[in-house]
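Welcome, and please load the model in your viewer. We will walk through a few side-chain contacts, one selection at a time.

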Amino acid sequence: MSARPVMAWPDADVADLAAAMVKHDAHTVPVVVEERVVGVVSRCDVLRTMLPTDDAAQREAQHRLDVYADGQHRWPVHVHDTVATIDGRFDEDIERAVAEALVRTTAGVTAVRVTAPSG
């Protein structure tokens, strides 16, 4: 505990809060309203705001696949708990490998399952 802790308000900007946490080596910061603590923000909370959501990862992965397929929506992709699943049919094994690589390198995706057959 510190006699003069870093404090935040409910509508504080996350970037400002992160900068203050680093500057003061604070692992947690109380959120204060009218001199009353109404919550606490941790470093983990700040980091969590920087991670892509499953929805954002899914949109980006789908966009990559659609661009690769010349604008066609040939392989639907779904992301759940950072795991992407690619459906559809691939004409060749190389097509499947490229699609899998495109999705695997999408921010917010940690693993890829391909349910679509190839060939």
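Partly exposed here means a relative accessible area between the buried limit of under 20% and the exposed limit of over 50%. Keep in mind throughout that this is a predicted model.

Start by selecting Arg64, which at 23% relative accessibility counts as partly exposed. Add Glu60, also partly exposed at 34%. The two form a salt bridge, with their closest N and O atoms 3.0 Å apart. Both sit in helix α3, 4 residues apart, so about one helical turn separates them.

Next, select Asp91 and Arg74, another salt bridge, with 3.3 Å between the closest N and O atoms. This pair links distant parts of the chain: Asp91 is in the loop between β4 and α4, and Arg74 in the loop between α3 and β3, 17 residues apart. Now add Glu95: salt bridges with shared partners join Arg74, Asp91 and Glu95 into one network. Asp91 is exposed at 52% relative accessibility, while Arg74 is partly exposed at 26%.

Then go to Asp25 and Arg43, whose side chains meet in a salt bridge of 3.2 Å, N to O. Asp25 lies in the loop between α1 and β1 and Arg43 in helix α2, so the pair ties together parts 18 residues apart in sequence. The whole structure holds 6 salt bridges.

For the last stop, show the rings. A search of the whole structure finds 2 aromatic pairs. Trp75 and Phe90 are stacked, 4.9 Å centre to centre with 20° between the planes. Trp75 is buried at 1% relative accessible area, and Phe90 is buried at 0%. Add Tyr68 to see the cluster that ring pairs make of Tyr68, Trp75 and Phe90.

Key. Residues numbered from 1 in each chain as written. Predicted model: local features only at pLDDT ≥ 70, side-chain atom pairs only at ≥ 80, totals over all residues. Heavy atoms only, no water. Phe/Tyr/Trp six-rings, centres within 6.5 Å; stacked < 30°, edge-to-face > 60°. Buried < 20%, exposed > 50% of the residue type's maximum accessible area, 1.4 Å probe, protein only. Salt bridge = Lys/Arg side-chain N within 4 Å of Asp/Glu carboxyl O. Helix = DSSP H or I, 4+ residues; strand = E, 2+ residues; numbered from the N terminus.
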